[in-house]
Amino acid sequence: MVALEPMHGLGISQRLRSRSAEVLQVSHGSLYPALHKLEHEGLLRATWRQSESGKRAKYYAITKAGSKRLGKELKSWARLSHAISFVLTPP
């Protein structure tokens, strides 16, 4: 989600749910530790800004290293999902 634009945690959660037609939902207890881990690894950078609601929020943006890693992960996912589809499709 943050590869599209910088977002705060709640925005990430809402966009994920919306783009997946309500199929993918992530709890705050899972999302924020993952964001902090990615930030610690240098794949995301965070800045405090005022949100749309006027509250102070931490916005996450992808870094150059994060974009590079995302490209690798997308290739890996494409290869894996293709293999699974191939195995599950009857001959």
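Let me start with the second largest pocket of this predicted model, where H1 and strand E3, residues 56-62, each supply at least two residues of the lining. The largest share of that lining comes from E3, which gives 3 residues, and the space in this second largest pocket comes to about 160 Å³. If you want to pick out the lining on your screens, it is made up of His8, Gly9, Leu10, Tyr32, Trp48, Ser51, Glu52, Ser53, Ala57, Lys58 and Tyr60. Sorted by character, the lining of the second largest pocket divides into 5 nonpolar, 4 polar and 2 charged residues.

His8 is a good residue to stay with for a moment, since it is part of that lining and also lies in strand E1, residues 7-8. Is His8 buried or exposed? His8 is buried, because its relative accessible area is 11%, and the cut-off for calling a residue buried is under 20%. Setting aside the neighbours within four places in sequence, we find His8 in contact with Ser51, Glu52, Ala57, Lys58 and Tyr59. Within the sheet, His8 stands opposite Tyr59 of E3, and E1 and E3, which run antiparallel, are joined by 2 bridges.

That brings me to the sheet as a whole. In what order do the 3 strands of the open sheet come? The order is E1-E3-E2, and the pairing is antiparallel. The edge positions are taken by E1 and by strand E2, residues 44-50, and each of these has a single partner strand, so one side of each is left without a neighbour in the sheet. As for E3, 5 of its 7 residues are buried, so this strand is largely enclosed by the rest of the structure.

Between E2 and E3 the antiparallel pairing extends over 7 bridges, and a few of the residue pairs help to fix the register. Leu44 stands opposite Ile62 in E3, Ala46 has Tyr60 of E3 as its bridge partner, and Arg49 is partnered in E3 by Ala57. The hairpin formed by E2 and E3 has 5 residues between the strands, and in this hairpin Gly54 takes a positive phi near 90°.

Turning now to the helical side, in H1 we have Gly9, Gly11, Ile12 and Ser13 as buried residues, and the buried residues of H1 pack against E1, H2 and E3. After H1 comes Ala21, whose phi is positive, near 55°. In the loop between helix H1, residues 9-19, and helix H2, residues 28-40, we also find Ser20. Ser20 is buried, with a relative accessible area of 15%, and what does its side chain reach? The side chain of Ser20 reaches the backbone nitrogen of Leu24, at a distance of 2.8 Å.

Finally, let me come to the largest pocket, which holds about 750 Å³ of space. The largest pocket is lined by 20 residues, and those closest to its centre are Met1, Val2, Leu38, Leu44 and Leu70. The elements that give two or more residues to this lining are H1, H2 and helix H3, residues 64-88, and the most comes from H3, with 5 residues. By character, the lining of the largest pocket divides into 16 nonpolar, 1 polar and 3 charged residues.

To draw the two pockets together, H1 is among the elements giving two or more residues to the lining of the largest pocket, and H1 also supplies at least two residues to the lining of the second largest pocket. Leu44, one of the residues closest to the centre of the largest pocket, is also the residue that stands opposite Ile62 in E3. Likewise Ala57, which is part of the lining of the second largest pocket, is the bridge partner of Arg49 and one of the residues in contact with His8.

Definitions and conventions
Residues numbered from 1 in each chain as written. Predicted model: local features only at pLDDT ≥ 70, side-chain atom pairs only at ≥ 80, totals over all residues. Heavy atoms only, no water. Helix = DSSP H or I, 4+ residues; strand = E, 2+ residues; numbered from the N terminus. Polar contact = N/O pair within 3.5 Å; in protein donor to acceptor, adjacent residues only side chain to side chain. Buried < 20%, exposed > 50% of the residue type's maximum accessible area, 1.4 Å probe, protein only. Contact = heavy atoms within 4.5 Å. 1 Å grid on protein atoms, 1.4 Å probe; cavity = no way out; pocket = protein on both sides within 12 Å on 5 of 7 lines; lining within 4 Å. Points joined across faces, edges and corners; volume = space filled by probe spheres on them. Nonpolar A, V, L, I, M, F, W, Y, C, P; charged D, E, K, R; others polar. Pairing = 2+ DSSP bridges.
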